[in-house]
Amino acid sequence: MAFSLASLFGLKTHDTTPKTLVVLKHRCPQNHRCPAVSACPVGALSQKGQKAPTVDRERCINCGKCTRYCFPKALVMEKA
Ligand code: SF4
């Protein structure tokens, strides 16, 4: 039985599970220029017209910065 002292006392611990950026197209209204595209530090996001952005998996370092620029929460970090 594995448990930590923190969980024994009901304390929250920092989740270190690796996460990957996911684009949830159904949440994107696809009616504007995506502000997250220019926020990406490695140029991993691109957008055609006003469609939902796409991720270049070769470039993305899964830093999560872009998620802070997407107000409809179409860009989310999910456990890999
Ligand atoms: S998670 Fe980071 S590297 Fe990946 S697309 Fe978003 S801002 Fe760019």
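Lys73 is exposed in this predicted model. Around Lys73, 10 other C-beta atoms lie within 10 Å; the limit for an exposed residue is 12 or fewer. The residue sits in the loop between strand 3 (54–55) and strand 4 (75–79). Its backbone is notable for the sign of one angle: phi of Lys73 is near 65°, a positive value in a residue other than glycine.

Gln30 also has a positive phi, about 55°, although Gln30 is not a glycine. This residue belongs to the loop that links strand 1 (19–23) with helix 2 (35–39). Gln30 has 16 other C-beta atoms within 10 Å. That count falls between the limits of 12 or fewer for exposed and 20 or more for buried, so Gln30 ranks as partly exposed.

A third loop position is Thr17, found between helix 1 (5–8) and strand 1. Thr17 is exposed, and its neighbourhood holds 7 other C-beta atoms within 10 Å. Thr17 and Ile61 are 44 residues apart along the chain. Their C-alpha atoms are separated by 15 Å.

These loops connect elements of a short series. The chain contains two helices and four strands. In sequence order the pattern reads α-β-α-β-β-β. The radius of gyration is 16 Å, well over the 12 Å given by the globule rule for 80 residues, so the chain is more spread out than a compact globule. Along the principal axes, the C-alpha atoms fill a box of roughly 50 × 25 × 20 Å.

Burial and contacts were assessed over the chain. Of its 80 residues, 15% count as buried. Contacts with a separation of 6 or more were also examined by distance along the sequence. Residues 24 or more positions apart account for 55% of these contacts.

The ligand is surrounded by 13 residues. Cys40, Ala44, Cys60, Cys63 and Cys66 come nearest. By class, the shell comprises 10 nonpolar residues, two polar residues and one charged residue. Cysteine and alanine both count as nonpolar, so the five nearest residues, Cys40, Ala44, Cys60, Cys63 and Cys66, belong to the nonpolar class.

Terms used. Residues numbered from 1 in each chain as written. Predicted model: local features only at pLDDT ≥ 70, side-chain atom pairs only at ≥ 80, totals over all residues. Near = placed C-beta within 6 Å. Rg over C-alpha atoms; globule rule 2.2 N^0.38 Å. Contact = placed C-beta atoms within 7 Å.
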